[in-house]
Amino acid sequence: MTILATRAAPARSRSGTRTGRRVAVTVGSALVLLLAVLASFALGSRQLGIDQVWHALVAPDGGDASTIVRELRMPRTALGLTVGLALAVAGVLFQALTRNPLAEPRILGISAGASFGVVLAISVFGISTLAGYVWFGIAGALIAGLLVFAIATRAREGASPVTLALVGAALDASLASGVYALLSIDARTFEEYRFWVVGGLAGRDLSVAAQVLPFVLAGLVLATLVARGLDALALGDDVARGLGHRIGLVRLGGGLAAVLLTGAAVAAAGPVAFVGLAVPHLARALVGADHRWTLAVSALLGPALLLAADIVGRVVAPPGEIPAGIVTALIGAPLLAVLVRRARVVTA
C-alpha cells in the first residue's frame, strides 16, 4: 500500500506540473494576443500613442485619431480576431480528423468552394461589394464540405482520413478549374476577385465581421464538444471505439465545425495562407497533444499571428501596404519549417 502511494505521488506531481505549464502558456498566449490588438490599433502609416487609442475608444472626439482608430483600424482588428481564430481552430480540426500534420483548410476543397461561391456572386449575380458576396463564399464552402463528406462516407472504408483527403483534393481541383474558367471570360470578375483572393483585412468594415461571427461561434461550440473524441481518434479508430466514442459522430461534428470556421474565414478575408497550418503545430509544441488545450491556445495565437502580419503589411511600405495574406505566407513558411524540424515530424 505504501509503495502504491509512493508511486502515485510522483504521477500526480507530474500531472500538476503539466497542467500548470499549460495554464501558464494559455495565459501567456492571451497576453500576446492583447499586445497584438493594442499594436493593431496603434501602428500603421500613422502611429498613435496608447493614450490616443484609449481616448478614441472610450471618448471619441471626432478628431483624426478617433477617425483612424474607430473607422479604419477597429474593423480590421475585429475581423483579424475573428478570421485568425477561425483558421487556427479549423487547422487543428483538419489535422486531427485526417491524422495528417500537413492538413490545413484547403485540404477538403473548402477554400475552393468559397472561391467558387465568390466568383459566382460577382460574375453571375453582379454583386460587387464584399458584404454582399461573403454569403456566397460561406454557402460555397458549406456545400463543398458537405459534398466531400457525402462522397467519402459512401466509400468502402467510409470517411477515413485518406478518403477525405483524396475526395477533397479532387473537388479542390474541379472547383479551381471552374473558378479559372469564369475568370478567363469576364475581366470585371477578375478585377473584383483579385482583390479578395490575395487575402487580407483591409477594406472590410464591421458588418463583415458581424456577418461571419455566428458561423465562427457555432464552429467553436462544435469543436469544444468533439475535443475529447479527437484525442481518442488520434489513437486509432478501434481504440476510439473501445473507449466508447462514436467515431462517426466525432468526425461529423469536427468536420462540420471545420467547414463552418473555414467557410466564414475565407469568405470574409480571402484564402489567408499558413495560419491554419502553422499555428496548430506551434500550439502542440507548447501544450502537447491534448486537443482541449491545443484548441484553446490555437484560438489565441491564430488571431495574434494574423494581426501581427497585418501590422507588418501596414508599416513596411507606407503609405501603401502589403495584404496580410502575403505576409502570413512569408512569416508562416519559415516558422513552420522551424517547428517541424524541432518536433521531428515525419510526413513520409
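**Entry 1. The pair D310 and R314**

I began with R314, which is buried, with a relative accessible area of 5%. The model is a predicted one, and I read every value below as computed from it. I then looked up D310, which counts as buried at 1% relative accessibility. The side chains of D310 and R314 meet in a salt bridge, 3.0 Å from N to O. Both residues lie in helix 13, four residues apart, which is about one turn of the helix. I followed the shared partners outward and found that salt bridges join R76, D310, R314 and E321 into one network.

**Entry 2. The other salt bridges**

I noted the total for the model as five salt bridges. One of them is the contact between the side chains of R46 and D64, at 3.7 Å from N to O. R46 is in the loop between helix 1 (2-42) and helix 2 (50-58), whereas D64 belongs to helix 3, so this pair ties together parts that are 18 residues apart in sequence. I checked the exposure of both partners. R46 counts as partly exposed at 36% relative accessibility, and D64 counts as exposed at 54%, because the cut-off for exposed is over 50%.

I next looked up D290, which forms a salt bridge with R292; their closest N and O atoms are 3.0 Å apart. D290 is buried, with a relative accessible area of 14%, while R292 is partly exposed, at 39%.

**Entry 3. The chain as a whole**

I recorded 14 helices and zero strands for the chain. Of its 348 residues, 47% count as buried. I also looked up how far apart in sequence the contacting residues are. Among contacts with a separation of 6 or more, 75% are between residues 24 or more positions apart. The chain exposes about 16,200 Å², and carbon and sulfur atoms supply 67% of that area.

**Entry 4. The nonpolar surface patch**

I asked which residues form a nonpolar patch on the surface. They are V198, V312, V315, V316, I322, I326, L330 and I331, with about 580 Å² of accessible area together. Helix 13 (291-315) and helix 14 (324-343) each supply at least two residues of the patch. Helix 14 gives the most, with three residues. I then located V198, which lies in the loop between helix 7 (187-197) and helix 8 (206-225). V198 is partly exposed, with a relative accessible area of 35%.

**Entry 5. Packing of helix 6 and helix 7**

I turned to helix 6 (residues 161-185) and helix 7, whose axes are 5 Å apart and meet at an angle of about 120°. That angle makes helix 6 oblique to helix 7. I listed the residues in contact: V179, L183 and I185 in helix 6 meet A187, T189, F190 and Y193 in helix 7.

**Entry 6. The loop at P101**

I closed with P101, which lies in the loop between helix 3 (64-98) and helix 4 (110-123). P101 is partly exposed, with a relative accessible area of 23%. I looked up its separation from G91: the two are ten residues apart in sequence and 9.6 Å apart in space, C-alpha to C-alpha.

Note on methods: Residues numbered from 1 in each chain as written. Predicted model: local features only at pLDDT ≥ 70, side-chain atom pairs only at ≥ 80, totals over all residues. Heavy atoms only, no water. Patch = residues over 30% accessible without salt bridge, like charges linked within 9 Å, V, L, I, M, F, W, Y side chains within 5 Å. Areas by Shrake-Rupley, 256 points an atom, 1.4 Å probe, with all protein chains shown as cover. Salt bridge = Lys/Arg side-chain N within 4 Å of Asp/Glu carboxyl O. Buried < 20%, exposed > 50% of the residue type's maximum accessible area, 1.4 Å probe, protein only. Axes fitted to C-alpha atoms, helices over the stretch in contact; angles between N-to-C directions. Parallel < 35°, antiparallel > 145°, perpendicular 65-115°, else oblique. Contact = heavy atoms within 4.5 Å.
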